[in-house]
Amino acid sequence: MELRTHALHVLRLADPAAKVAAMQALWQAAVEGAPLEPAAAIDEPAGVPGRPPRPALVAPARVPQRSVHTAAGRAALLHAIAHIEFNAINLALDAVWRFAGLPPGFYRDWLRVAAEEAHHFTLLAAHLATLGHAYGDFDAHDGLWAMAEKTKGDFTARMALVPRTLEARGLDATPAIQRKLAQAGDARAVEILAVILRDEVGHVAIGNRWYRWACARDGLDPLAHYAALVERYAAPRLKPPFNLEARRAAGFDDDEIAALAG
């Protein structure tokens, strides 16, 4: 099993359960030392990424907003987070197969991320079932994958604008969501989000590490180049409140924290 080729195969799987199972097998193969062949470029086939027919993808403003103090409202919120995690599996796998010629550590990092995102999705899907719902029952939006499409020809931009921008917003948002779910009495959801927050700190740190690696390779100033990439790719402007403790743990330095405040 060549890991990058197989990552593309898993990415193209549409059924969530099949994707999760295949991802677990792929990560086990990586742990056991399957070859990476990182220099080999792979042509993009049709069917990237694989997705189930549901949920329907709509504009962000049309995604349902409901009170977490009802079972349906909690299900809608957890479904939105499950959709993020499903997309995150795809994003990590896309980084593995798409970008050739990088150090082996890059591919192993993102395969681990994909495996952890698959675990998160499984936790959320199981909890959704206790609320009488399944993934696909609510509409969702496609903001994460839209940025992946924009940056598919620019490795440095992908690292800058997906893990350390869009996914890092989860570090900021999760504590407030946990508080709402705790007030609603959903202790299991709070526990699941604690697992996700812990792991996402590590995922954003991986994005930071490879973004800085790319900047060093190309002689770029990370802070100035980040600002340029935000403009070039029309990335969302980040808004407070920021989870500064989690961001520092994920590797954002003092200058980057100061730039957020600015």
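The legends below describe close-up views of a predicted model.

**Figure 1. The whole chain is built from helices and has no strands.**
The secondary structure of the protein chain comes to 10 helices and zero strands. Read from the N terminus, the elements therefore run α-α-α-α-α-α-α-α-α-α. The radius of gyration is 18 Å, close to the 18 Å that the globule rule gives for 262 residues, so the chain is as compact as a globular protein of that length. Along the principal axes, the C-alpha atoms fill a box of roughly 50 × 45 × 30 Å. Of the 262 residues, 50% are buried. Among contacts between residues at least 6 apart in sequence, 82% join residues at least 24 apart.

**Figure 2. Helix α3 is largely enclosed by the rest of the structure.**
Helix α3 covers residues 71–98. Of its 28 residues, 23 are buried, so α3 is largely enclosed by the rest of the structure. Its length can be checked against a simple expectation. At 1.5 Å a residue, the 28 residues of α3 should span 40 Å, and the end C-alpha atoms are 40 Å apart, which agrees.

**Figure 3. Helix α7 holds the buried residue His203 and is followed by a glycine.**
Helix α7 consists of the 32 residues 187–218. At 1.5 Å a residue α7 should span 46 Å; the distance between its end C-alpha atoms is 47 Å, which agrees. His203 lies in this helix. With a relative accessible area of 3%, His203 is buried, because a residue counts as buried under 20%. Leaving aside residues up to four places away in sequence, His203 touches Trp110, Val113, Glu116, Glu117, His120 and Pro163. After α7 comes Gly219, whose phi is positive, near 70°.

**Figure 4. Helices α6 and α8 cross at roughly 85°.**
Two packed helices are described by the angle between their axes and the distance between the axes. Here the axes of α6 (residues 155–183) and α8 (residues 222–232) come within 10 Å and cross at roughly 85°. That makes α6 roughly perpendicular to α8. On the α6 side, the residues in contact are Thr156, Ala157, Ala160, Leu161, Arg164 and Thr165. They meet His225, Tyr226, Leu229 and Val230 in α8. By class, the residues of this contact divide into six nonpolar, three polar and one charged. An α-helix has 3.6 residues a turn, so residues three or four places apart point the same way.

**Figure 5. Leu229 is a buried residue of helix α8.**
Leu229 is found in helix α8. Its relative accessible area is 0%, so Leu229 is buried. Not counting residues up to four places away in sequence, Leu229 touches Asp154, Thr156, Ala157, Ala160, Leu161, Tyr211 and Ala234. One of these partners, Thr156, is 73 residues away along the chain, and the C-alpha atoms of Leu229 and Thr156 are separated by 9.0 Å.

**Figure 6. The loop between α2 and α3 contains Ala41, Pro55 and Pro60.**
This loop joins α2 (16–31) to α3 (71–98). Ala41 counts as exposed, at 71% relative accessibility. Between Ala41 and Gly207 there are 21 Å in space, C-alpha to C-alpha, and the two are 166 residues apart in sequence. Pro55 is found in the same loop, between α2 and α3. The peptide bond from Arg54 to Pro55 is cis, with omega near 15°. Pro60 also lies between α2 and α3. At 56% relative accessibility Pro60 counts as exposed, because the limit for exposed is over 50%.

**Figure 7. The loop between α8 and α9 holds Ala234 and Pro241.**
Ala234 lies in the loop between α8 and α9. Its phi is near 50°, a positive value in a residue other than glycine. Ala234 counts as exposed, at 54% relative accessibility. Ala234 and Pro60 are 174 residues apart in sequence, and their C-alpha atoms are 16 Å apart in space. Pro241 is in the loop between α8 and α9 (244–249) too. The peptide bond from Pro240 to Pro241 is cis, with omega near 5°.

How values were computed. Residues numbered from 1 in each chain as written. Predicted model: local features only at pLDDT ≥ 70, side-chain atom pairs only at ≥ 80, totals over all residues. Heavy atoms only, no water. Axes fitted to C-alpha atoms, helices over the stretch in contact; angles between N-to-C directions. Helix = DSSP H or I, 4+ residues; strand = E, 2+ residues; numbered from the N terminus. Parallel < 35°, antiparallel > 145°, perpendicular 65-115°, else oblique. Contact = heavy atoms within 4.5 Å. Nonpolar A, V, L, I, M, F, W, Y, C, P; charged D, E, K, R; others polar. Expected span 1.5 Å × (residues − 1). Buried < 20%, exposed > 50% of the residue type's maximum accessible area, 1.4 Å probe, protein only. Rg over C-alpha atoms; globule rule 2.2 N^0.38 Å.
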